[in-house]
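Could you walk me through this model in the viewer, one selection at a time? I would like to know what to pick next and what to look for at each stop.

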Amino acid sequence: MKEPTKILGDERRAYILKRLQESSEPITGGELATITNVSRQVIVGDITLLKAKNEPIIATSQGYLYMHASRPSAAERTIAVSHGPERTEEELLLLVDQGVTVKDVRIEHPVYGDLTASIMVSNRNEVKQFMEKIRATKASYLSELTDGIHLHTISAPTEKALDEAEETLRKEKLLIDLE
């Protein structure tokens, strides 16, 4: 049986970029590694090189995603929340159930300054996958470094959806009112 041929260097990066641009769903590093017959670590390096060329690729908990320069969401804002790790799943579900996409989590660290991590969850299934990955890897939440205080960039089709999401978090005592 013939060994699959490795796709080399620039050709592989062009292939990865094309696959990401054509996909509306995240693609894992493992999937890209299998397709191109290289290690996942090589893919990580390729993604880094593509990002260095200003390709808008983000790493999410579900895989790599190409952020198309299409029209931005109709509404986007930053919210401040506070809770322990045990309420993370609840918080994310409350937001996605209001039609909101949680784009990231951000904290202000006393030594490192602003630390931001991509989340990119917009439905219950994506929240479930995110939480399963946290549990499987025993990863800590960024908010654990700040006693639960953190920010999210959220987006939705309308300002009203964002307002309703904030009100839901307020009722559940998760939102920090900045007013």
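## The whole chain

Of the 179 residues in the chain, 39% are buried. Keep in mind as you go that this is a predicted model. With the full chain on screen, the C-alpha atoms fill a box of roughly 60 × 35 × 30 Å along the principal axes. Colour by secondary structure and you will find six helices and six strands. Following the sequence, their pattern is α-α-α-β-β-β-α-β-β-α-β-α. Among contacts with a separation of 6 or more, 72% are between residues 24 or more positions apart.

## Stop 1: helices α1 and α3

Select residues 9-22, which make up helix α1, together with residues 40-52, helix α3. Their axes are 10 Å apart, and the two helices pack at an angle of about 80°. α1 and α3 are therefore roughly perpendicular to each other. Now show side chains at the contact: α1 brings R12, R13, I16, L17 and L20, while α3 brings V42, I43, D46, I47, L49 and L50. Sorted by type, the residues of this contact are eight nonpolar, no polar and three charged.

Stay here and click on R13, which belongs to helix α1. Is R13 buried or exposed? Its relative accessible area is 16%, below the 20% cut-off, so R13 counts as buried. Setting aside residues up to four places away in sequence, R13 touches D46, L49 and L50.

## Stop 2: the loop before α3

Next, move to N37, in the loop between α2 (29-36) and α3. Check its backbone angles: phi is positive, about 60°, although N37 is not a glycine. That is worth a pause, because most residues other than glycine have a negative phi. N37 counts as partly exposed, with 22% relative accessibility.

## Stop 3: the β1-β2 hairpin

Select residues 57-60 for strand β1 and residues 63-66 for strand β2. These strands run antiparallel and are joined by four bridges. Together β1 and β2 form a hairpin, with two residues between them. To see one of the pairings, pick A59 and look across to Y64, its bridge partner in β2.

## Stop 4: the four-stranded sheet

Now bring up the open sheet, whose four strands come in the order β3-β6-β4-β5 with antiparallel pairing. At its edges are β3 (75-82) and β5 (113-121), each pairing on one side only. From one strand to the next, the twist averages 20°.

Zoom in on the pairing of β4 (residues 101-109) with β6 (residues 149-156). How many bridges join strand β4 to strand β6? There are five, and the two strands run antiparallel. On this pair, T101 stands opposite S155 in β6. Turn on α4 as well: this helix packs on the sheet and touches β3, β4, β5 and β6. The direction of α4 makes about 20° with that of β6.

Before leaving the sheet, select T153 in strand β6. T153 counts as buried, at 10% relative accessibility. Which residues is T153 in contact with, leaving aside its neighbours within four places in sequence? Displaying the contacts brings up E76, R77, T78, T101, V102, K103, D104 and R106.

## Stop 5: helices α4 and α5

Keep α4 (residues 88-96) and add helix α5 (residues 124-137). Their axes come within 9 Å and cross at roughly 160°. Angles over 145 degrees count as roughly antiparallel, and α4 and α5 are therefore roughly antiparallel to each other. The crossing in which α4 passes α5 is right-handed. For the side chains, show T88, E89, L92, L93 and V96 in α4, which meet R124, V127, F130, M131 and R135 in α5. This contact divides into six nonpolar residues, one polar and three charged.

## Last stop: K138

Finish with K138, in the loop between α5 and β6. Here again the backbone deserves a look: phi of K138 is near 55°, a positive value in a residue other than glycine. Is K138 buried or exposed? K138 counts as exposed, at 72% relative accessibility.

Terms used. Residues numbered from 1 in each chain as written. Predicted model: local features only at pLDDT ≥ 70, side-chain atom pairs only at ≥ 80, totals over all residues. Heavy atoms only, no water. Axes fitted to C-alpha atoms, helices over the stretch in contact; angles between N-to-C directions. Parallel < 35°, antiparallel > 145°, perpendicular 65-115°, else oblique. Left-handed = near helix turned anticlockwise from the far one by under 90°. Contact = heavy atoms within 4.5 Å. Nonpolar A, V, L, I, M, F, W, Y, C, P; charged D, E, K, R; others polar. Pairing = 2+ DSSP bridges. Buried < 20%, exposed > 50% of the residue type's maximum accessible area, 1.4 Å probe, protein only.
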